[in-house]
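Q: Please take a close look at one part of this model, strand by strand. Then place it among the open and closed spaces of the chain.

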Amino acid sequence: MGSYGLEKPIELQGVTAQLSHWISDLKLSDVPPAVLERAKYQLLDGVACALVGAHVPWSEKYVETTAEYEPPGEYSVIGWDKKFGPLAASMMNAAFIQGTELDDYHAAAPVHNSAIMLPTLMAATESLTRRPGCVPVKITGRHFLLSTIVGFESSIRAGNGLYGNDMLARGWHCGAVYGAPGSAAAAAKLFQLDPTQTEDAIGIACTQACGLMAAQFGGMIKRVQHGFSTRNGLMGAFLARGHYEGLKSVFERPYGGFLAMFSSGNGRSPPYKEQAIVHKLGTHWETMHIRNKLYAAVGTSHGMIEILENMQVAYPERFAPDQLPKISKIHAAQSHAGFHHDGWAPDIRPLSVTGAQLCAAYVMATQLVDREVLLAQYSHDQLDRDEVWNLVYKITCSHDPYFDPAERLSGARVTVTFDDGFVLEESLDSPRGYDPWVTNEQLVEKYRKLATSVLDPYRVREIEEAVLGMDTLEDVTELFGVLAQPVGKCLV
């Protein structure tokens with residue numbers, strides 16, 4: 001059996017134990033420099049999303065409502081001068097990052113990684129400065145970064161074991177499921193737990209994993225569901241740190257195990273792939289396959305948006321505002337997971353903000369009318385426009401197996417038919433952000449654009465320098481102090 005990046009080969013019986021040993025033993029020097037560098041920029045992207053998401057209306061409602069039953073605490077909340085306990089604070093920060101549909105995603109195993117790891121590790125770090133009966137411990141930026149990568153790798157690999165986006169197609173909010181063991185892994189690494197404690201933390205997190213994708217159709221709770229993962233992982237790590245024993249072999253148990261239960265009814269043979277959790281562990285880095293959004297919409301709609309952008313440029317007369325009523329119908333073919341996730345036809349008007357961002361028909365209509373799909377398109381005074389809805393009702397979606405492979409998951413084929421019989425059709429395997437991926441330089445541009453909408457230039461620069469210089473920070477809480485200050489509103 002391989003060493004999975006450990007100093008010496010180790011014979012282990014199950015994949016949960018193998019992963020736990022790798023987590024516990026991994027050193028910064030084991031991680032390629034390019035992976036370390038990319039992780040910093042992914043954290044910067046998460047910070048940008050948190051800053052703009054901290055005071056959107058549904059985030060403010062979440063904080064205000066939580067404050068009615070959660071007592072004040074000592075843990076930082078991004079963009080606010082309020083503090084709560086560790087679990088409540090981590091869930092708020094996760095809800096902010098997920099709050100605008102601008103955060104990262106992994107196409108093969110859909111999970112929004114920064115929305116889980118950044119909130120988890122902020123709370124875990126702050127717990128070490130105020131643990132009863134213990135000397136306060138400072139966490140360096142280097143160790144924070146290493147723990148982040150451990151979390152990224154573990155959550156995605158948990159998803160790989162369940163055929164990745166299959167869970168999404170079956171109606172699970174899979175990131176909230178895959179993220180639970182990832183959060184536990186990240187916190188366990190930050191606490192420097194041994195392999196047995198790490199396995200306990202993962203087991204405790206996995207038994208709480210949850211998230212229903214019906215949340216996409218309305219309401220506000222979809223924004224919080226990745227926060228379930230931070231709560232579950234932190235609880236697992238906190239308990240394991242105190243030698244509270246959890247589930248062993250939680251991934252591979254055939255009765256009641258994580259993989260067996262979440263794969264139930266998927267019709268696949270085998271129903272799950274436990275070895276995918278440790279395949280090429282320590283040599284293949286899933287962190288490098290996390291992708292980033294350029295549009296404020298569900299990731300599986302991005303190919304459609306880009307196709308319409310291309311058509312608008314190539315045929316400006318056809319897509320001029322006064323010519324849009326002459327479109328008779330639009331059809332989009334997409335992946336199985338994408339069709340079930342966002343290919344639905346809206347049956348109410350207006351949609352909630354959540355529903356609008358996760359409905360391909362609404363997203364495409366918005367691109368046609370506004371020529372962009374950003375946060376401004378989802379203010380409440382924009383959600384019931386006739387010019388958008390007249391197009392929404394002309395748009396249909398269907399599943400095309402060609403787009404089912406992970407590398408084409410966000411691709412699409414769009415056909416636009418006009419009243420005079422003129423037809424345009426374009427296919428795109430992968431949108432910008434997936435292939436080509438968003439470069440580090442582009443992530444900085446995105447961060448600055450978002451952050452300057454809610455912060456003054458000095459704080460924008462201060463946060464950027466702290467995140468990208470994380471490997472030089474001797475005390476990462478210096479960054480938290482800058483983040484946990486009030487920010488402005490970008491959407492009303």
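**The sheet and the spaces in the chain**

A: Start with one pair of residues in this predicted model. I327 stands opposite F418, a residue of β5. I327 belongs to β3, which spans residues 327-334. F418 closes β5, residues 412-418. The two strands, β3 and β5, are antiparallel and share six bridges.

Now take the other partner of β3. Here β3 and β4 run parallel, joined by five bridges. One residue pair to find on screen is A332 with its bridge partner C397 in β4. So β3 pairs with β4 in one sense and with β5 in the other, through backbone hydrogen bonds as in sheets generally.

Put the strands together. They form an open sheet of four, in the order β4-β3-β5-β6, and the pairing is mixed. At the edges sit β4 (395-399) and β6 (423-428), each paired on one side only. From one strand to the next, the twist averages 15°.

Next, the helices on the sheet. Helix α12, residues 302-314, lies across β3, β5 and β6. Its direction is at about 45° to that of β5. Helix α15, residues 360-370, also packs on the sheet. α15 touches β3 and β4, and its direction makes about 130° with that of β4. Strand β3 is thus touched by α15 and crossed by α12.

Which open space is the largest? The largest pocket holds about 480 Å³. Its lining counts 20 residues, and L102, L294, L374, K449 and L450 lie nearest the centre. Helix α17 (residues 440-451) gives the largest share of that lining, with five residues. By class, the lining has nine nonpolar, eight charged and three polar residues.

The second largest pocket holds about 290 Å³. It too is lined by 20 residues, with A108, N160, Y163, G164 and K273 closest to the centre. Three helices each supply at least two lining residues: α6 (141-160), α7 (166-169) and α13 (336-342). This lining divides into seven charged, seven polar and six nonpolar residues.

Then the closed space. Searching the whole structure gives one cavity of 30 Å³ or more. The volume of the largest cavity is about 220 Å³. It is lined by 22 residues; Y105, P110, H112, L168 and H341 lie nearest its centre. Ten of the lining residues are nonpolar, nine polar and three charged. One of the central residues, L168, falls within the range of α7 (166-169). H341 likewise falls within α13 (336-342).

Last, confidence. The average pLDDT over the chain is 95, and 97% of the residues score at least 70. Residues 1-11 have a pLDDT below 50. That stretch still makes 19 contacts in the model beyond near neighbours in sequence. Low pLDDT means that predicted coordinates should not be read in detail.

Conventions
Residues numbered from 1 in each chain as written. Predicted model: local features only at pLDDT ≥ 70, side-chain atom pairs only at ≥ 80, totals over all residues. Heavy atoms only, no water. 1 Å grid on protein atoms, 1.4 Å probe; cavity = no way out; pocket = protein on both sides within 12 Å on 5 of 7 lines; lining within 4 Å. Points joined across faces, edges and corners; volume = space filled by probe spheres on them. Nonpolar A, V, L, I, M, F, W, Y, C, P; charged D, E, K, R; others polar. Pairing = 2+ DSSP bridges. Axes fitted to C-alpha atoms, helices over the stretch in contact; angles between N-to-C directions. Contact = heavy atoms within 4.5 Å. pLDDT = per-residue confidence, 0-100.
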